[in-house]
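Me: I would like a close look at one helix of this model and at what surrounds it. Please take the description outward from there, and state the criteria behind each term as you go.

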Amino acid sequence: MGETRLDLSRIQAARQVIDPVFLDTPLYRCEALEPGLGCSVSIKLETANPVRSFKGRGTEVVASVLADNGVRAAVCASAGNLGQALAWSGRGRRLDVTVVASRHATVAKLDRIRALGARLELVDGDHEQARERAAEIARHEGIRLVEDSLDIETCTGAATIGLELVRTPPSFDAVLIALGGGAMATGVGHVVKELAPGVEVICVQPLGAPAMTRSWHERRVVTTGPTNTIADGVAGRRPIPEVLGDLLLVADDAVLVREESIIAGMRMLLEHAGLVVEPSAALGIAAVLEDRDRFAGRHVVTIICGGNVDPAAYHGWVHA
Ligand SMILES: Cc1ncc(COP(=O)(O)O)c(C=O)c1O
């Protein structure tokens with residue numbers, strides 16, 4: 001593997017600054033899912049924590065570095081989970097957090113950002129417009145801009161999931177990772193490639209939000225028009241060049257899945273695993289559903305990376 005921006009010793013050290021509530025999450029074989037998927041399946045469960053997603057791992061590292069440097073205010077753009085996590089991590093460190101999100105973001109996520117004491121600003125456009133506005137606020141107010149996936153701490157924090165996956169010699173052949181900005185895929189991918197190089201690292205995005213996957217295949221940044229997916233956590237249009245560079249070094253493949261498969265994955269996780277997950281967290285299961293032959297007889301692990309849903313929308317998807 002070539003040199004990524006990540007570093008194994010920094011990832012190991014990050015465990016010391018991340019609140020234990022986000023660490024050592026359940027990793028288990030979920031046999032009830034297997035008949036429907038035709039392969040062995042393990043789950044790494046990242047939803048049972050105060051912000052209901054893996055993003056707390058990264059924001060704990062971000063917030064601890066900011067606090068150590070005497071930074072008192074920060075702003076980030078978010079589809080909802082990063083903002084919620086930064087609000088949580090900032091609250092414990094007396095950091096004033098501003099979150100910029102799309103007006104169309106998941107209401108449950110926006111409500112939790114406010115409830116955690118962050119200032120929330122909504123923009124009329126999508127996540128890319130929120131990114132622009134957050135940068136503008138940082139410039140005007142002279143506060144720190146936290147950029148998910150670009151700021152290495154967000155990747156380092158997410159990478160601690162990888163340490164937990166390979167802690168014992170892994171019995172699985174492939175890890176399926178939801179791909180958005182890329183913090184999780186580059187972080188986990190880096191650790192897996194360093195410590196368990198035989199395990200295939202497969203990133204998964206929706207067909208309706210394919211920018212990073214297309215970029216990976218073309219080995220250059222490809223931007224797209226408006227996204228069209230229920231998987232709000234991964235719906236970016238403008239990949240970050242540095243993150244793509246890392247992804248090219250650690251990912252073995254990047255695949256796109258249909259919305260129907262994401263919904264089928266959410267339904268399977270509810271019915272066979274008892275898990276309420278948001279669409280982004282069902283991408284790995286969707287990838288198996290769409291390519292059973294590829295995974296037949298193999299053992300895959302998928303990261304169940306978030307569970308923040310609006311109940312009515314969730315009900316509409318899963319029970320329709
Ligand atoms: C639930 C969920 N899954 C996946 C992702 C994508 O992660 P990343 O942006 O690190 O690629 C996010 C991003 O916020 C998310 O909230």
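Reply: In helix H9 (residues 211–218), the residues Ala-211, Met-212, Thr-213, Ser-215 and Trp-216 are buried, where buried means under 20% relative accessible area, exposed means over 50% and partly exposed lies in between, with a 1.4 Å probe and protein chains only. Helices (H or I, at least four residues) and strands (E, at least two) are DSSP runs, numbered from the N terminus. The model is a predicted one, in which local features need pLDDT of at least 70 and side-chain atom pairs count only at pLDDT 80 or more, whereas totals for chains, interfaces and linings use all residues. Residues are numbered from 1 along each chain as its sequence is written, and side-chain values use heavy atoms, with hydrogens and water left out.

The buried residues of H9 pack against S8, H10 and S9, contact being defined as heavy atoms within 4.5 Å. Just after H9, Arg-219 takes a positive phi of about 60°.

Of these neighbours, H10 (residues 241–250) also packs with helix H8 (residues 183–195), at an angle of about 35° and with the axes 9 Å apart; axes are lines fitted to C-alpha atoms, for helices over the stretch in contact, and angles run from 0 to 180 degrees between N-to-C directions. The crossing of H8 and H10 is left-handed, a term used if the near helix is turned anticlockwise from the far one by less than a right angle, with right-handed used if clockwise. H8 contributes Ala-185, Thr-186, Gly-189, His-190 and Lys-193 to the contact, and H10 contributes Val-243, Asp-246, Leu-247 and Val-250. By class, the contact of H8 with H10 has 4 nonpolar, 3 polar and 2 charged residues, where Ala, Val, Leu, Ile, Met, Phe, Trp, Tyr, Cys and Pro count as nonpolar, Asp, Glu, Lys and Arg as charged, and the others, Gly among them, as polar.

The other two neighbours, S8 and S9, belong to an open sheet of 6 strands in the order S1-S2-S10-S7-S8-S9, with mixed pairing; two strands pair if DSSP finds at least two bridges between them. Its edge strands are S1 (27–29) and S9 (253–257), each of which pairs on one side only, and the twist averages 25° from one strand to the next. Helix H12 (residues 283–290) packs on this sheet, touching S2, S7 (174–178), S8 (200–206), S9 and S10 (299–304), and its direction makes about 85° with that of S9.

Within the sheet, S8 pairs with S7 in the parallel sense over 5 bridges, and Val-175 stands opposite Val-201 in S8. Because 5 of the 5 residues of S7 are buried, S7 is largely enclosed by the rest of the structure. Ala-174, Leu-176 and Ala-178 point one way from S7, whereas Val-175 and Ile-177 point the other way, and all are buried.

Towards the other edge of the strand order, S1 and S2 (residues 40–45) pair in the antiparallel sense over 3 bridges, and the bridge partner of Leu-27 in S2 is Lys-44. Leu-45, which also lies in S2, is buried with a relative accessible area of 10%. Leaving aside its neighbours within four places in sequence, Leu-45 is in contact with Thr-25, Pro-26, Leu-275 and Ile-304. The C-alpha atoms of Leu-45 and Pro-26 are separated by 5.4 Å, although these residues are 19 apart along the chain.

H12 offers a further link from the sheet to helix H11 (residues 259–273), in which Ser-261 lies: not counting residues up to four places away in sequence, Ser-261 touches Ala-286, Leu-289 and Glu-290. Ser-261 is itself buried, with a relative accessible area of 6%.

Finally, for comparison with H9, helix H4 (residues 81–91) is mostly covered, with 10 of its 11 residues buried. Trp-88 of H4 is among the buried residues, at 16% relative accessibility, and forms with Phe-22 an edge-to-face aromatic pair, 5.1 Å centre to centre and with 85° between the planes. Rings of Phe, Tyr and Trp (its six-membered ring) pair if their centres lie within 6.5 Å, and planes under 30 degrees apart count as stacked, over 60 as edge-to-face and the rest as tilted. Phe-22 lies in the loop between helix H1 (8–14) and S1, and Trp-88 in H4, so the pair ties together parts that are 66 residues apart in sequence.
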